[in-house]
Amino acid sequence: MLKRRIAVPILVAAAVTGTGVAAATRHSQATQTAAADFGTTSVTRSHTETCAGSDGTYQVTVATYKGAATSTDARLNGDLEIRAHSVLNTTSKLGWLDGKWRVRGTNAGSAGNIHAALANGSAVGSVVGRGSQDSKLVASFSAAFTQGTGFLAGKLGSGSANGAGVLFTRGECRRAKQGPSTAVFHLKLTPGHVVPPVSGLRAEGKGTLALDLTRDASGVITGGTVLFYVNYAFPGSVTITGLALHQGAKGANGPVVLDAAVGTIADPDGHGILSKSVSGASAALLQALLSGPHGYYVDLTTSANTGGALRDQLESPERH
């Protein structure tokens, strides 16, 4: 579970002189080297589609890669998460990647946007974003990369790979027939939607409920996987006790139809992310979610609000 960090500014005491008090500033301007080694070891929330272009077969992948970054600078040292959208011509081995870089360390971290070219198994580009302590991050980015496994022997701010440049022309790209499809419900969970409402709770959550569907030759849903993803924020310490999909109309409570089974999570600062993939969802439930999403809702419970702390009714999904 990822944790949000808060950067605390350090106030420099003003110097007292015989004629008055000199002005003080919060930070002194400084420029430092940004360099880190990185790699990823796990892949989650991965979805891939293939299609035929005029110059070969294209593979389009959206996935989250997790691993670690190592640096002498605390802002670049810690748990690493890269959320990436990559397009690769599997015939020519050329393509491109856009994504999000995030390092969460013990006391510091960094985040930014990745833009990279893909060529012959390498990703080369840049990261532009921010680090803690109100710092701006601009650094080169290079690594060995495969869509299925992620990044290996990565270098941020140092190292390079030669010959990685891509000209991409957008045009017709025929999707492979009978491949998996996805549907994404966007969530905005609030106490006001819980029945009965939770009085005085200043908390919120946002995220997605994603369906990864499988179909038979005629296009009928045969099964699939459901991914729960919620970024929550409570005003203080909280103990999460459940995250589930319920059947019930707006303004009414209903039974659990799919449990994320997150267990009990004690969160001292009340800010974090829940992500859980549930496989083996029935074809009937998945079809019902697509046909009548308004009859279902996602509910997050805590030890203080066992009947529900945050909730959101499903709306029409984005389909891919």
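Select Asp79 and show what surrounds it: beyond four places in sequence, Asp79 touches Gly67, Arg102, Val103 and Arg104. This is a predicted model, and Asp79 is a good place to enter it. Asp79 belongs to strand β5. Is Asp79 buried or exposed? Its relative accessible area is 52%, and the cut-off for exposed is over 50%, so Asp79 counts as exposed. Now add Ala69. Its C-alpha atom lies 6.4 Å from that of Asp79, with the two positions 10 residues apart along the chain.

**Stop 1: strand β5 and its partners**

Extend the selection to residues 78-89. That is β5, and the strand is mostly covered: nine of its 12 residues are buried. Asp79, by contrast, is exposed.

Next, select residues 56-70. This is β4, which runs antiparallel to β5 and is joined to it by 12 bridges. For a checkpoint on this seam, pick Ala63; Ala84 of β5 stands opposite.

Turn to the other partner, β6, at residues 94-104. Here 11 bridges make the connection to β5, and the sense is again antiparallel. The checkpoint on this seam is His85, with Asp98 of β6 opposite. Follow the chain from β5 into β6. The two strands form a hairpin, with four residues between them. Stop at Lys93 in the turn: its phi is positive, about 65 degrees.

**Stop 2: the aromatic cluster**

Show rings for Phe38, Tyr65, Trp101, Phe141, Phe145 and Phe151. Ring pairs link these residues into a cluster. The structure holds eight aromatic pairs.

Zoom in on Phe141 and Phe151. How are the planes of this pair arranged? They are edge-to-face, at 80 degrees, and the ring centres are 5.8 Å apart. Phe141 sits in β9, residues 135-146, while Phe151 sits in β10, residues 150-156. The pair spans 10 residues of chain.

Now swap Phe141 for Phe145. The centres of the Phe145 and Phe151 rings are 4.7 Å apart, and their planes meet at 40 degrees, so this pair is tilted. Colour by accessibility. Phe151 has 1% relative accessibility and counts as buried. Phe145, at 7%, counts as buried too. Phe141 is also buried.

**Stop 3: the nonpolar cores**

Move to the largest nonpolar core, a set of 34 residues. Select Leu209, Leu211, Phe228, Phe234, Leu245 and Leu314, the members with the most contacts inside it. Then colour the elements that give two or more residues to this core: β12 (181-189), β13 (204-215), β14 (221-233), β15 (238-247), β18 (271-281), α1 (283-291) and β19 (296-302). Which of them gives the most? It is β14, with five residues.

A second, separate core has 25 residues. Select Ala36, Leu88, Trp101 and Phe151 to locate it; they are among its members. Trp101 and Phe151 also belong to the ring cluster of the previous stop.

Return to Phe234 in the largest core and show its contacts. Leaving aside neighbours within four places in sequence, they include Leu201, Ile240, His271, Leu300 and Leu310. Polar and charged partners are on the list as well, including Arg202 and Asp269.

**Stop 4: an open sheet**

Select β18, β14, β13, β12 and β21, in that order. These five strands form an open sheet with antiparallel pairing. Look at the ends. β18 and β21 (318-319) are the edge strands; each has a single partner strand, so one side of each is left without a neighbour in the sheet. The seam between β12 and β21 consists of two bridges. Pick Ala183 there, and its bridge partner in β21 is Arg319.

**Stop 5: the whole chain**

Zoom out. The chain has one helix and 21 strands. Of its 320 residues, 42% are buried. Its accessible surface comes to about 16900 Å², and carbon and sulfur atoms hold 54% of that. Among contacts with a separation of 6 or more, 58% are between residues 24 or more positions apart.

Finally, colour by pLDDT. The chain averages 86, and 85% of the residues score at least 70. Select residues 1-26, where pLDDT is below 50; this stretch has 41 contacts in the model beyond near neighbours in sequence. Residues 162-166 also stay under 50, with nine contacts beyond four places in sequence.

Definitions and conventions: Residues are numbered from 1 along each chain as its sequence is written. This is a predicted model: local features need pLDDT of at least 70, side-chain atom pairs count only at pLDDT 80 or more; totals for chains, interfaces and linings use all residues. Side-chain values use heavy atoms; hydrogens and water are left out. Buried means under 20% relative accessible area, exposed over 50%, partly exposed in between (1.4 Å probe, protein chains only). Two strands pair if DSSP finds at least two bridges between them. pLDDT is the predictor's confidence in each residue, from 0 to 100. Contact means heavy atoms within 4.5 Å. A nonpolar core is a set of buried Ala, Val, Leu, Ile, Met, Phe, Trp, Tyr and Cys residues joined through side-chain atoms within 4.5 Å. Accessible areas come from the Shrake-Rupley method with a 1.4 Å probe; for residues, only the protein chains shown count as cover. Rings of Phe, Tyr and Trp (its six-membered ring) pair if their centres lie within 6.5 Å; planes under 30 degrees apart count as stacked, over 60 as edge-to-face and the rest as tilted.
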